[in-house]
Amino acid sequence: MTTPMTSTGHQRLPLEKLKAWEALGYGMFIHFGMSTFDGDELSAGDKPSTLYNPDRLDVDQWVSIIRDAGMKYAVLTAKHVSGHCLWPTAQTDYHVGTSGNPTDVVEAFVKACEKRGILPGLYYCSWDNHNRFGSLTESDCTKIEREQPFKVGTQPKQPYTTRAYEEFQSAQLEELLTRYGQIAQVWIDIPHALTADYRQRLYQQIVGWQPETVIMMNNGIGNGSELKLHGAWPTDLISIERFLPPSKDGHVVWRDIEGQPYYLPGEVCEPIGREWFYAEHDAPRSDAELLGMYLVTRSRGANLLLDVGPDKHGLIPQATTDALMRLRDNIERFSSLPTSSPSKANPA
């Protein structure tokens with residue numbers, strides 16, 4: 001969609017706010033929680049809360065690395081698929097307060113960001129294998145497909161959430177978005193499991209709690225060329241997961257939605273290795289691949305949210321830190337090249 005430069009768009013946030021978010025350019029996604037300890041990204045949520053037990057947890061270390069790596073913002077997985085919460089929620093007993101380390105990680109994260117000039121964001125997953133309230137999760141659907149013989153003409157089961165779960169999700173997000181001060185970005189994963197009506201209400205609830213925040217309803221795996229309105233609307237951003245923006249036109253920010261122009265920036269989310277959470281044998285990608293990922297993402301008009309997983313001690317491993325600092329140096333070295341340099345014209 002081509003939109004005149006004079007258009008302000010129909011989106012909630014003004015262009016100045018969205019372009020200021022785009023100017024941040026580079027942030028860290030932090031995947032940390034029960035999946036760090038049970039070794040399963042899509043944790044069944046059946047492990048005891050005490051299994052979560054980082055013995056050297058240092059959130060200040062994380063955010064110092066974020067700052068030193070040249071990143072401007074960060075998004076923490078406050079609750080992932082396991083349902084285990086990184087803050088002492090009143091909505092369930094499956095949280096850090098009943099675990100092997102009762103530190104309120106969300107509080108520590110936001111304070112560390114404020115101290116170091118990093119904008120804090122929070123991730124919340126609507127797929128919850130522990131706090132179900134009668135919902136059908138992606139894990140349930142996979143189990144059904146595996147255990148029940150396929151019949152011609154039948155449709156695969158689709159995940160859904162109940163009204164009781166939606167009330168639980170809203171109550172938890174109210175805690176997260178009213179207890180800890182200003183949150184720059186709210187990242188909602190698996191929004192397609194929510195009803196369209198609830199996504200609309202949830203979006204407005206988030207706006208009520210954090211009027212200045214930028215809201216991401218995860219668009220899912222893909223290059224961002226298609227906005228999945230049936231499962232990821234409303235949103236302020238378009239996620240680009242496990243892909244880079246399209247090579248022909250880059251990320252297209254202006255989208256036509258029900259006949260109205262919307263300005264929707266893009267954000268690539270990709271792990272520094274191959275796994276979202278820490279895994280012992282998952283080394284960072286090569287320096288060349290990481291630099292290419294950054295340069296291609298930025299040259300195609302999207303932000304890069306590079307994922308890092310702290311280990312079971314609660315620390316970002318040294319090999320990961322070293323890779324991030326080399327990437328910082330390589331970005332600075334590339335940025336200092338003359339604009340007419342052939343390598344500048346073809347960053348990939």
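## A walk from the surface to the core

Start with the whole chain shown as a surface: its accessible area comes to about 15400 Å², and carbon and sulfur atoms account for 51% of that. Keep in mind as you go that this is a predicted model.

Now switch to the C-alpha trace and align the view with the principal axes. Along them the trace spans about 60 × 50 × 45 Å. Colour by secondary structure next, and you will find 11 helices and 10 strands. The radius of gyration is 20 Å, close to the 20 Å that the globule rule gives for 348 residues, so the chain is as compact as a globular protein of that length.

Next, select the charged side chains. There are 33 positive and 44 negative ones, and the centres of these two sets lie 3 Å apart.

Time to go inside. Of the 348 residues in the chain, 55% are buried. If you draw the contacts with a sequence separation of 6 or more, 72% of them join residues 24 or more positions apart.

Select V106, F109, L176, L306 and L324: these have the most contacts inside the largest nonpolar core, a set of 69 residues. Apart from that core lies another one, with 24 residues; to find it, pick V81, Y123, W187 and Y263, which are among its members.

Finally, return to L306 and centre on it. What does L306 touch, leaving out residues up to four places away in sequence? Its partners include Y26, G27, M28 and F29, as well as E270, P271 and I272. Also on the list are M71, L290, M293, L324 and L327. One of these, L324, you have already selected as a residue with many contacts in the largest core.

How values were computed:
Residues numbered from 1 in each chain as written. Predicted model: local features only at pLDDT ≥ 70, side-chain atom pairs only at ≥ 80, totals over all residues. Heavy atoms only, no water. Core = buried A, V, L, I, M, F, W, Y, C linked by side-chain atoms within 4.5 Å. Buried < 20%, exposed > 50% of the residue type's maximum accessible area, 1.4 Å probe, protein only. Contact = heavy atoms within 4.5 Å. Helix = DSSP H or I, 4+ residues; strand = E, 2+ residues; numbered from the N terminus. Rg over C-alpha atoms; globule rule 2.2 N^0.38 Å. Areas by Shrake-Rupley, 256 points an atom, 1.4 Å probe, with all protein chains shown as cover. Lys, Arg positive; Asp, Glu negative; His and termini not counted. Charge placed at Lys NZ, Arg CZ, Asp CG, Glu CD.
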